[in-house]
Amino acid sequence: MRLRTMVVPPAVMPARTRKEIENKRRMRRLGLISEDDDENDGTGAFDPRNKGFVGRRHPRDRDASSKPQNLYNKRIAKEEKEARDELYRKTGRLPERRPVSMKDKQFTNIRPAPDNVVEREFLIPDEPAKPKALDLAVIGRPNAGKSSIMNSLLNVTVSAVSPKYNTTRDRILGILTEGDAQLSFYDTPGLIKPKESHEYVQTLVTTAAETLQGVDLSMLVVDSVKRLDEAALQALEKVLTTSAQVCSPTMLVMNKYDLVGKREKMNLDIKVKELSQMVEEIYAKHYNAAGASLAIDPLAYIGDNSVKVSAMKGYGMDNLRKTLLSLAVNRPWSYHSSMHSDLSDLELVTEIIREKLYRRFNKELPYTFEQENVGWTKFKDKSVRIDQDIFVPAARVRKMVVGHNGDTIRSVGMAARDEIELLLKRRVHLYLNVRSKMEFKHEGNALFVDEAYEEAVHSYTRALEMQPQDADALSKRAAAYLKLYKLREAAADASRATELDATLHMAHMRHGVAQFELEKYAEAKRSFQAGKGATPKANEVLVKRFQTWIRKCDAELDSDDDELILPDEPAPVETSVPGNQSSAAVVPLPVKPSIRHDWYQSGTHVTVSILQKKLAHEHVEVSIEPKKLLVLRLYRCHHDWYQSGTHVTVSILQKKLAHEHVEVSIEPKKLLVRVKLDGEFVDALNETLFDEIVPEESSYKVLGTKVELKLRKKSNGMHWDKLEEAVYQSGPQVVTGPAAVFEAKPEQVPRPYASSRDWNQIERAIGDELEAEKPEGEEAMQKLFRDIYAKADENTRKAMNKSFQTSGGTVLSTNWKEVADKDYERERTAPNGMEWKKWG
């Protein structure tokens with residue numbers, strides 16, 4: 001019996017569902033959602049690929065459904081990784097990126113590098129019974145292949161290698177141990193004629209010259225193909241002279257011999273002959289065989305006996321290694337046989353990454369990079385995650401280094417990771433983060449706005465480490481120091497900023513403020529005057545600020561001139577006496593009072609003036625008696641306060657107080673502040689507080705202009721109506737604290753603002769004054785109409801409005817019954833010589 005089959009057409013999917021599925025697939029490709037999400041990538045319940053499909057499957061799908069659909073199992077993933085890496089090594093093309101979910105990208109457990117990674121652990125040399133050793137200095141022109149030869153001999157990347165000049169910036173040690181011999185190679189920067197270079201290159205030449213003084217043999221590496229000009233020969237002549245003076249034989253090594261063809265062979269012979277002749281002449285003048293540590297002919301390895309190698313291809317390297325090992329002298333080893341360099345693992349990793357950066361980027365760009373290790377995190381599977389920051393000079397350079405979708409820096413990381421894994425002999429996860437050197441300054445600006453001044457100073461310091469000549473960063477760090485009341489540091493930073501950029505007006509402002517707080521008013525005034533001159537005239541606000549500070553300096557300088565210094569003990573003075581007396585009388589000098597006074601009189605009064613500035617009425621107490629006058633100056637310190645939800649901040653407004661001149665006692669309901677004025681302590685604030693505080697979490701600091709106390713509220717969110725305690729008494733009942741505010745009568749409730757004026761009473765007084773006024777003429781009539789309208793009812797107001805408007809201002813009636821039905825437009829008459837007209 002034949003069964004009839006019917007093809008069921010697929011259901012039509014709504015456009016909205018199809019759009020959602022497309023968006024979801026796109027997000028999974030971008031790595032925004034994980035691969036193992038519970039939802040599927042199918043087209044809904046109608047797609048057989050979904051787990052929830054119900055119905056007959058295709059026979060081929062039955063076997064596939066029983067197997068786990070995991071495309072990235074361990075075996076396939078490993079094979080794919082090896083294939084991708086091999087493709088990259090052969091073709092240089094980057095493989096496609098596998099999507100990674102956001103939760104896998106986040107990593108916050110970054111740990112700093114341990115000590116054994118940051119610094120190479122010293123191991124006692126495990127030398128044999130008859131050890132041999134040899135110290136060699138690898139010298140030569142830039143790009144001659146010095147680092148390549150050393151790395152090839154050691155079979156480990158110890159020194160960075162790239163086609164750029166001076167990739168090697170410092171002396172690097174490489175150690176080769178074979179049998180009972182140990183060779184120590186000192187790779188030096190390339191030799192450049194100092195007078196044609198800047199100060200940095202001169203330090204490179206000095207490093208090479210210093211290295212020659214402690215070695216047994218100098219290995220001069222020369223490029224077999226590149227021509228040696230006059231400057232190159234002069235640089236080589238200088239270093240060869242140093243080598244001869246320190247009694248170190250020279251071995252001439254001609255590198256890149258694989259590039260020498262038939263045409264270059266003749267040039268190579270001429271170059272070897274010229275260099276050998278130079279070595280012979282120099283050593284004939286300066287070499288002393290008695291001071292040499294090697295008992296060999298210093299000219300044994302020049303001319304026809306020079307060594308020809310190719311570090312890149314490996315040609316002649318075995319012969320060079322055997323020759324160097326044969327020259328080792330009987331001497332104890334200096335290092336353990338397991339060491340290839342005295343550099344730590346962290347420094348070797350940094351060197352490998354630097355090499356890849358130099359190879360990847362062109363021209364002078366990689367010379368501006370700076371590297372900093374951020375993390376060295378070890379995992380349970382013995383792998384390690386290395387995080388490094390690469391600082392670039394500007395944001396535009398960062399875009400170049402990162403590349404499109406991060407492809408450029410990722411290629412650098414992949415190339416470096418392979419060598420790091422060979423070095424550390426473990427799996428490595430390398431993360432390179434490209435940052436701009438300006439990031440620290442922007443971070444400091446944000447921290448300053450958030451009032452995290454200590455952290456802001458740290459960020460500005462990091463920015464200055466990157467760019468020491470940044471005047472703006474110095475000025476902003478000075479502002480942070482001012483907030484921390486570190487006046488000397490602020491003055492130093494602001495002074496340095498003005499030296500670097502005299503037009504930076506805010507640096508002048510901060511330098512002047514710091515000097516003013518240090519009571520150096522003359523220097524402060526000069527800074528403010530310089531800042532005012534540097535400020536554009538269009539910035540009127542800043543110019544006024546400078547003028548205000550200059551006036552403050554003038555006031556302080558004037559007050560300093562008025563102050564008199566009293567001696568502790570008046571000096572004696574010898575006065576003459578009548579002639580019949582032979583002795584001299586000693587009397588004290590008259591002492592002027594510290595506060596001067598003046599006086600004048602009339603026929604009925606005597607007027608006395610006490611010459612003292614900046615005195616308020618409450619600061620003076622006067623006692624007048626029939627025969628005695630006493631004027632006392634009372635020391636009273638003003639205070640101010642404000643609050644937030646968690647703290648109350650109190651400021652004692654008193655200048656020039658040292659920390660030892662302030663005594664503070666903080667209790668849960670009481671605050672006592674005593675300051676030392678004129679040699680004695682006085683109470684600046686002694687109050688019972690509005691509500692309870694937490695003394696353990698409260699603090700204070702002494703600033704140049706005030707003492708600032710920060711009190712922690714015990715009840716968060718409680719609003720204090722005033723600083724002192726509120727008290728309300730109703731008969732025998734006395735209520736204190738916040739409850740007193742609610743119990744008090746409305747007129748007794750303390751106002752939240754500072755003013756104590758009764759504005760309602762003031763408003764009533766103004767109204768009474770207006771009513772008491774008696775206008776005249778037309779103004780009196782207008783006032784009468786306004787009063788009638790203000791006190792009238794609704795019908796009266798309607799009558800007044802209609803009559804006045806419809807009559808053209810000629811009639812004003814208050815009787816609504818009369819006005820309601822009357823038409824004033826027909827009855828109105830125009831003034832003499834005029835007539836009414838309708839418009840529109």
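Biologist: In this predicted model, which strands make up the open sheet of 3 strands, and in what order?

Modeller: Good place to start! The order is β8-β9-β10, and the pairing is mixed.

Biologist: Which strands stand at the edges, and what does that leave them without?

Modeller: An edge strand is one with a single partner strand. Here β8 (370–378) and β10 (428–436) are the edge strands, so each has one side without a neighbour in the sheet. On average, neighbouring strands of this sheet are turned by 20° against each other, direction ignored.

Biologist: How many bridges pair β8 with β9, and in what sense?

Modeller: Strand β9 (residues 384–392) pairs with β8 over 8 bridges, in the antiparallel sense. You can pick out a single bridge too: N373 has Q388 in β9 as its bridge partner.

Biologist: Which helix lies across this sheet's strands?

Modeller: Look for helix α13 (residues 407–424), which lies across β8, β9 and β10. Its direction is at about 140° to β10.

Biologist: Where do the side chains of a regular strand go?

Modeller: They alternate between the two faces of the sheet. For a strand residue to look at here, try L136 in strand β1 (residues 132–140).

Biologist: Is L136 buried or exposed?

Modeller: The cut-off for buried is under 20% relative accessible area. L136 has 0%, so L136 is buried. Leaving aside residues up to four places away in sequence, L136 touches L183, S184, F185, Y186, V215, L217 and L324. You can also compare sequence with space: L136 and L173 are 37 residues apart along the chain, and their C-alpha atoms are 9.9 Å apart.

Biologist: Now for the rings. How many aromatic pairs does a search of the whole structure find?

Modeller: The search finds 8. To read a pair, check the distance between ring centres and the angle between planes; under 30 degrees counts as stacked. Y257 and Y315 have ring centres 5.7 Å apart and planes at 10°, so this pair is stacked. The pair links distant parts of the chain, as Y257 sits in the loop between β5 (250–255) and α9 (262–286), while Y315 sits in the loop between β6 (307–308) and α10 (317–326), 58 residues apart.

Biologist: Are Y257 and Y315 buried or exposed?

Modeller: Y257 counts as buried, at 19% relative accessibility. Y315 is partly exposed, with a relative accessible area of 46%.

Biologist: What kind of pair do Y283 and Y287 make?

Modeller: Their ring centres are 5.3 Å apart and their planes are at 35°, so that pair is tilted. Y283 and Y287 are both buried. Rings can also gather in a group: F516, Y521, F528, F546 and W549 form one aromatic cluster.

Biologist: Which charged residues lie over the face of a ring?

Modeller: Two cases to look up are R354, over the face of Y358 at 5.5 Å from the ring centre, and R385, over the face of Y431 at 3.7 Å from the ring centre.

Biologist: How many residues come between the strands in the hairpin of β20 and β21?

Modeller: There are 2 residues between them, and D678 takes a positive phi near 50° in this hairpin. Strands β20 (residues 670–677) and β21 (residues 680–688) run antiparallel and are joined by 8 bridges. One of the bridge partners is N686 in β21, matched with L672.

Biologist: Last one: where does UniProt place the TPR repeat?

Modeller: The unreviewed UniProt entry puts "repeat: TPR" at residues 437–470. In the model, that span is 74% helix and 0% strand, with its end C-alpha atoms 11 Å apart.

Conventions:
Residues numbered from 1 in each chain as written. Predicted model: local features only at pLDDT ≥ 70, side-chain atom pairs only at ≥ 80, totals over all residues. Heavy atoms only, no water. UniProt positions renumbered as here; feature names shortened; annotations may be inferred. Helix = DSSP H or I, 4+ residues; strand = E, 2+ residues; numbered from the N terminus. Phe/Tyr/Trp six-rings, centres within 6.5 Å; stacked < 30°, edge-to-face > 60°. Buried < 20%, exposed > 50% of the residue type's maximum accessible area, 1.4 Å probe, protein only. Lys NZ or Arg CZ within 6 Å of the ring centre and 35° of its normal. Pairing = 2+ DSSP bridges. Axes fitted to C-alpha atoms, helices over the stretch in contact; angles between N-to-C directions. Contact = heavy atoms within 4.5 Å.
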